[in-house]
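Trainee: I have a structure open and would like to learn how to read it feature by feature. Could you walk me through it?

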Amino acid sequence: MAFAEATPALLPPTVWQRLKKRKLALFGMALIALTIFGALFAPYLTPYEPNDQMFDGLTMQGAPMAPGAQFALGTDLLGRDLLTRILYGARTSLIIGVLANGVALIIGTFIGVTAGYFGGIGGNILMRFTDLMMAFPALLLAICLAAIFQPSLWIVAMVIATVNWVQTARVLYAETASLSQREFIAAERTLGAGNVRILFKHILPHLTPTIIVWGTLGISTTVLLEATLSFLGVGVQPPTPSWGNIIFENQTYFQAAPWLVFFPGVAIVTLALAFNLVGDALRDVLDPTQRGRA
């Protein structure tokens, strides 16, 4: 029956069971949980503050100290504990990742669903604007916007959201345009259902798996973009710790103290990889064409 398609479960009851069978997805979730734990409990995991410049944090020659018993990951060029700055920097990455990607998801969903459902001249204008944004290099646009405004955590988040919504809009536009032509949507219109009811009762529930997947995958892109902007000096500004600006501040010591670049770089790659692993697993699990598979 056509009406049976009109009220799908937002998350099928077998999603978690199928997700548990994927070891890489569980590994990704464990990495994300570990990062969140470190960010939330940073004050309890380290005895130092992220901006404490300690007298014993530098060698007699004034160079950063290597990893050891006192400083597990060593110190930076100002004698600050690197582990502490990485833990506090995780807060920056997670806040920007969730906030910027959440805003981008809202913008992309609104534009994609509106253009796909209503179509016409308005829909064409929205999608041509989306195509224009996709054609423009996202990193270059983000650098320009970040340079125009005074860089801060919230400004960087909004800048990333401004350039990161286009893929979501394009994908949801295609799915919405297809759904709006389905028989159960035509039946709802015949019964007198309005656009608001159709959108919120039937279209958006069908799009929820796609939104969840793109929301998860988008966080990894956001984390990498924030780190890139901070590394280039137009992201989160010191002394607020960010994995990108930790590398930016210490890049001159790349050969003399490689741990200053290696450890924050590993943190960036690990978190981005974790969200990609979870996002890929969710895409397979929530894809209706994969339901019959393991």
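Mentor: Gladly, and let us begin with a term: helices here are DSSP runs of H or I with at least four residues, numbered from the N terminus. With that numbering, Leu 77 can be placed in the loop between α3 and α4. Please keep in mind that this is a predicted model.

Trainee: How many helices and how many strands does the protein have?

Mentor: There are 12 helices and zero strands. Read from the N terminus, the order of elements is therefore a run of α after α, with no other letter in it. The C-alpha trace spans about 80 × 45 × 25 Å along its principal axes.

Trainee: Back to Leu 77, then. Is Leu 77 buried, exposed or partly exposed?

Mentor: The general idea is a pair of cut-offs: buried means under 20% relative accessible area, exposed means over 50%, and partly exposed is in between. Leu 77 has 25% relative accessibility, so Leu 77 counts as partly exposed. Across the protein, 47% of the 294 residues count as buried.

Trainee: Which residues is Leu 77 in contact with, leaving aside its neighbours within four places in sequence?

Mentor: Leu 77 touches Leu 58 and Pro 64, and also Glu 249, Asn 250, Tyr 253 and Leu 260. Separately, the C-alpha atoms of Leu 77 and Gly 62 are 8.1 Å apart, with their positions 15 residues apart along the chain. For the wider picture, take the contacts between residues at least 6 apart in sequence: 73% of them join residues at least 24 apart.

Trainee: Glu 249 is on that contact list. Which residues form a salt bridge with Glu 249?

Mentor: The idea is to look for a side-chain nitrogen of Lys or Arg within 4 Å of a carboxyl oxygen of Asp or Glu. Arg 80 meets that test with Glu 249, with the closest N and O atoms 3.2 Å apart. This pair links distant parts of the chain, since Arg 80 sits in the loop between α3 and α4 and Glu 249 in helix α11, 169 residues apart. Arg 80 and Glu 249 are both buried. Arg 85 also forms a salt bridge with Glu 249, at 3.6 Å between the closest N and O atoms. That pair too links distant parts of the chain: Arg 85 is in helix α4, Glu 249 in helix α11, and 164 residues separate them. Arg 85 is buried, as is Glu 249.

Trainee: How does a salt bridge within one helix look here?

Mentor: Try Arg 128 and Asp 131, whose closest N and O atoms are 2.9 Å apart. Both lie in helix α5, residues 120-135, and they are three residues apart, about one turn of the helix. Arg 128 is partly exposed because its relative accessible area is 46%. Asp 131, at 26% relative accessibility, is partly exposed as well. As for networks, salt bridges that share partners join Asp 76, Arg 80, Arg 85 and Glu 249 into one. The whole structure has six salt bridges.

Trainee: Now the nonpolar side chains. What should I expect of them?

Mentor: In soluble globular proteins, nonpolar side chains tend to be buried together. Here, the largest nonpolar core has 32 residues, and those with the most contacts inside it are Leu 19, Leu 82, Ile 86, Trp 243, Leu 271 and Leu 282. Helices α2, α4, α10, α11 and α12 each supply at least two residues of this core. The largest share comes from α12, with 13 residues. Taking Ile 86 as an example, and leaving aside neighbours within four places in sequence, its contacts are Leu 73, Trp 243, Ile 246, Phe 263, Pro 264 and Ala 267. A second, separate core has 23 residues, including Leu 153, Val 156, Ala 161 and Trp 165.

Trainee: Which residues form a nonpolar patch on the surface?

Mentor: Leu 34, Ile 36, Phe 37, Leu 40, Phe 41, Tyr 44 and Leu 45 form one, with about 750 Å² of accessible area together. Helices α2 and α3 each supply at least two of its residues, and α2 gives the most, with four. One of the patch residues, Ile 36, lies in helix α2 and is partly exposed because its relative accessibility is 36%. The protein as a whole exposes about 14800 Å², with carbon and sulfur atoms supplying 69% of it.

Note on methods
Residues are numbered from 1 along each chain as its sequence is written. This is a predicted model: local features need pLDDT of at least 70, side-chain atom pairs count only at pLDDT 80 or more; totals for chains, interfaces and linings use all residues. Side-chain values use heavy atoms; hydrogens and water are left out. Patches are made of residues with over 30% relative accessible area and no salt bridge: like charges are joined within 9 Å, nonpolar side chains (Val, Leu, Ile, Met, Phe, Trp, Tyr) within 5 Å. Accessible areas come from the Shrake-Rupley method with a 1.4 Å probe; for residues, only the protein chains shown count as cover. Buried means under 20% relative accessible area, exposed over 50%, partly exposed in between (1.4 Å probe, protein chains only). A nonpolar core is a set of buried Ala, Val, Leu, Ile, Met, Phe, Trp, Tyr and Cys residues joined through side-chain atoms within 4.5 Å. Contact means heavy atoms within 4.5 Å.
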